[in-house]
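Biologist: I would like to learn how to read a model like this one, feature by feature. Could you walk me through it?

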Amino acid sequence: MSHGIQTSQILDSHIQLLTRLYQDIGEEPLHGIRQAVEGDLDGIVAEFYDEMLREPGSDAFLSHDLVRQRLRYTLAQWVRELFTPREPDAVPAFVQRQLEVGRVHARINVPMHMVNLGGRFLKRDILTRVHREHDGDLDRLIAVCELIDASIALINESYLGDQMVAERQSQALKMHAVSQNLAIECERLRSDLLDWLRRFMTRLYQQDQPALTPADSVRQSDFALWLHHKADLLFQQEQEIAKLKQQLAAIEHASERAIEVRKQGLTQGFFEQVEALNQGVTRANWLLAELVSHTLEMDGGRDPLTRLFNRRFLHTILQRETQVCIRHGGRFALLLVDLDHFKQLNDRHGHDAGDRVLCQVAEALSSQIRAGDFVFRYGGEEFLVVLSDISPENAQAVADKIRRGVRELVINAGDATIRVTASIGLALHDGHPDYSRAIGNADRALYAAKAAGRDRVVLADDLKADTADA
Ligand SMILES: Nc1nc2c(ncn2[C@@H]2O[C@H](COP(=O)(O)OP(=O)(O)OP(=O)(O)O)[C@@H](O)[C@H]2O)c(=O)[nH]1
């Protein structure tokens, strides 16, 4: 998931603010606050939890046993850390930890008003204790408010950034069809450039001394206007757009040269120039088509090689699966499928053969799952299968079927035939609101499958130590 929304400027201002805050409050008052809090940290956490659970809707992300256990621990840590004196060089790491809290909230889908409410409960509880311990010392009370507010602001900032990205992704998923307009626009532009070329050539051939005005320049074509005014807004591939602009400049140059040499008649040099112009236009049209098809693939969230989903919609899909499971019961399963010794395969048979293997494995995976399941290309030779609403036994059976399916593939690579195997880590969603736990579990199971000799399925639940973070 992208965390790019927190621009460095915003981060810097948070760092500066907190650095100043810690300096202004000073060590001694902070120790005092911490002492007052530390004396009854369990009480503060318990009250917080009880109060939050009284809020309608909070059980969706608070009622899981692991959350309960972990929350007690992490909240206590958070409070302790907030009121610990901090040297300026320790502030950036502290800021990063607050941002991470916001990201977890976004992943779990905790509504922001709940976070703010939590902040208010904490403030009230902590202020009460500091007031009692320090005889209502105003400076300390203000320090408590300022530190909690600054930290909640950071958490919310990062939460909003991630929610915005998630919202954009789910909009994009829904609006996928709209991007098809781009393909139509691309066709129109390509034919516009060809039209320009035809008009230009007609003039060149008809007139010995072509009197071309600036309006005849390729710069004035729809293609050029679109490229200079709109392409930057539509596409993110700056380098490709820059190439296209260079190509347009080359066409312009070739057309000016063609006018010059035409003045000497229909010479060999003229025909060479015409040929250069033709090639320039063909290349520009090719570059445009590449740009658009790449964008359509990215927009559709598809991996260009295998046509499987890329990671783009992973967050949206897993978050929805998690919510469905929490609301309606049932479990989903994750299979992390990694091809064995793929590097060797590439080295022995070449990268193209490796690509062919990936495509066939992708097809095999897609053919083994039900209509409501998803397959993602998760990384180079790694795939993630999401099996929705499935029992542990059935998930295990699908995983085995997939493993056997990969094993049975015979892929032709020139003279050779290639066989592959896959290791699979299987994890069932355990009801925890943060789906990244299930991914972590599948990852550990995959690692165990590799370590145990590959070409096998390992179930995360069978691993002894579950070191996942809640
Ligand atoms: N042909 C091809 N190869 C790729 C692609 N993406 C990643 N790879 C290659 O996949 C290989 C993965 O190698 P490793 O991560 O070392 O894993 P491995 O060789 O499969 O070994 P194990 O996973 O331990 O069994 C690398 O050599 C990558 O270059 C791709 O799109 N096409």
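Modeller: Let's begin with a loop. This is a predicted model, and in it Arg-454 sits in the loop between helix H18 (436-451) and strand S7 (457-459).

Biologist: What is the phi of Arg-454?

Modeller: Arg-454 is not a glycine, yet its phi is positive, near 70 degrees. As for its surroundings, Arg-454 counts as partly exposed because it has 13 or more neighbours but fewer than 20, namely 14 C-beta neighbours inside 10 Å.

Biologist: Which residue in the loop between S1 and H15 can I set beside that?

Modeller: Look at His-341, which lies in that loop. His-341 has a positive phi of about 50 degrees, again without being a glycine. It is partly exposed, since 13 C-beta neighbours lie inside 10 Å of it.

Biologist: Which residues follow H6 and H14 with a positive phi?

Modeller: After H6 comes Asn-109, with a positive phi near 70 degrees. After H14 comes Gly-329, where phi is positive and near 75 degrees.

Biologist: Now the ligand. How many residues surround it, and which are the closest?

Modeller: The ligand is surrounded by 17 residues, and the closest are Asp-340, Phe-342, Lys-343, Gly-354 and Gly-380. To see where such a shell comes from, ask which elements contribute to it. Strand S1 (333-339), helix H15 (342-349) and helix H16 (351-368) each provide at least two of its residues.

Biologist: And what is the make-up of the shell by class?

Modeller: The shell holds 7 charged, 6 polar and 4 nonpolar residues.

Biologist: Let's turn to helices. How do I check the length of one, say H6?

Modeller: Compare the span expected at 1.5 Å a residue with the distance between the end C-alpha atoms. Helix H6 (residues 91-108) has 18 residues, so it should span 26 Å, and its end C-alpha atoms are indeed 26 Å apart. The same check on helix H14 (residues 314-328), with 15 residues, gives an expected 21 Å, and the ends are 21 Å apart, so the two agree. Helix H2 (residues 27-38) has 12 residues and reaches 16 Å from first to last C-alpha, close to the expected 16 Å.

Biologist: Which residues of H2 are buried, and on which side are they?

Modeller: Pro-29, Leu-30, Ile-33, Ala-36 and Val-37 are the buried residues of H2. They lie on the same side of H2, because they cover an arc of only 125 degrees around the axis. On the other side of H2, Glu-27 and Glu-28 are exposed.

Biologist: What do the buried residues of H6 and H14 look like?

Modeller: In H6 they include Val-91, Phe-94, Leu-99, Arg-107 and Ile-108. In H14 they include Leu-314, Ile-317, Gln-319, Glu-321 and Cys-325.

Biologist: Is Asp-434 buried or exposed?

Modeller: Asp-434 is buried, because 24 other C-beta atoms lie within 10 Å, and the cut-off is 20 or more. Its place is in the loop between strand S6 (422-428) and H18. Asp-434 touches Val-104, Arg-107 and Ile-108, leaving aside residues up to four places away in sequence. Its C-alpha is also 8.2 Å from that of Gln-319, although the two are 115 residues apart along the chain.

Biologist: Which residues touch the most other members of the largest nonpolar core?

Modeller: That core has 51 residues, and those touching the most other members are Ala-333, Leu-334, Leu-335, Ile-424, Leu-426 and Ala-442. Another core, of 28 residues, lies apart from it, with Leu-82, Phe-83, Leu-99 and Ile-155 among its members.

Biologist: What does Leu-335 touch?

Modeller: Beyond residues up to four places away in sequence, Leu-335 touches Val-385, Leu-387, Ala-399, Ile-402, Ile-424, Leu-426 and Ala-442.

Biologist: Finally, how many helices and strands does the chain have?

Modeller: There are 18 helices and 7 strands. Of the 470 residues in the chain, 32% are buried. Among contacts in the chain with a separation of 6 or more, 74% join residues 24 or more positions apart.

Technical notes:
Residues are numbered from 1 along each chain as its sequence is written. This is a predicted model: local features need pLDDT of at least 70, side-chain atom pairs count only at pLDDT 80 or more; totals for chains, interfaces and linings use all residues. A residue is near a molecule or strand if its C-beta atom, placed from the backbone, lies within 6 Å of it. Helices (H or I, at least four residues) and strands (E, at least two) are DSSP runs, numbered from the N terminus. Ala, Val, Leu, Ile, Met, Phe, Trp, Tyr, Cys and Pro count as nonpolar, Asp, Glu, Lys and Arg as charged, and the others, Gly among them, as polar. A residue is buried if 20 or more other C-beta atoms lie within 10 Å of its own, exposed if 12 or fewer, and partly exposed in between; C-beta atoms are placed from the backbone. A nonpolar core is a set of buried Ala, Val, Leu, Ile, Met, Phe, Trp, Tyr and Cys residues joined through C-beta atoms within 7 Å. Two residues are in contact if their C-beta atoms, placed from the backbone, lie within 7 Å. The expected span of a helix is 1.5 Å times one less than its number of residues. The arc is that of the directions from the helix axis to the C-beta atoms.
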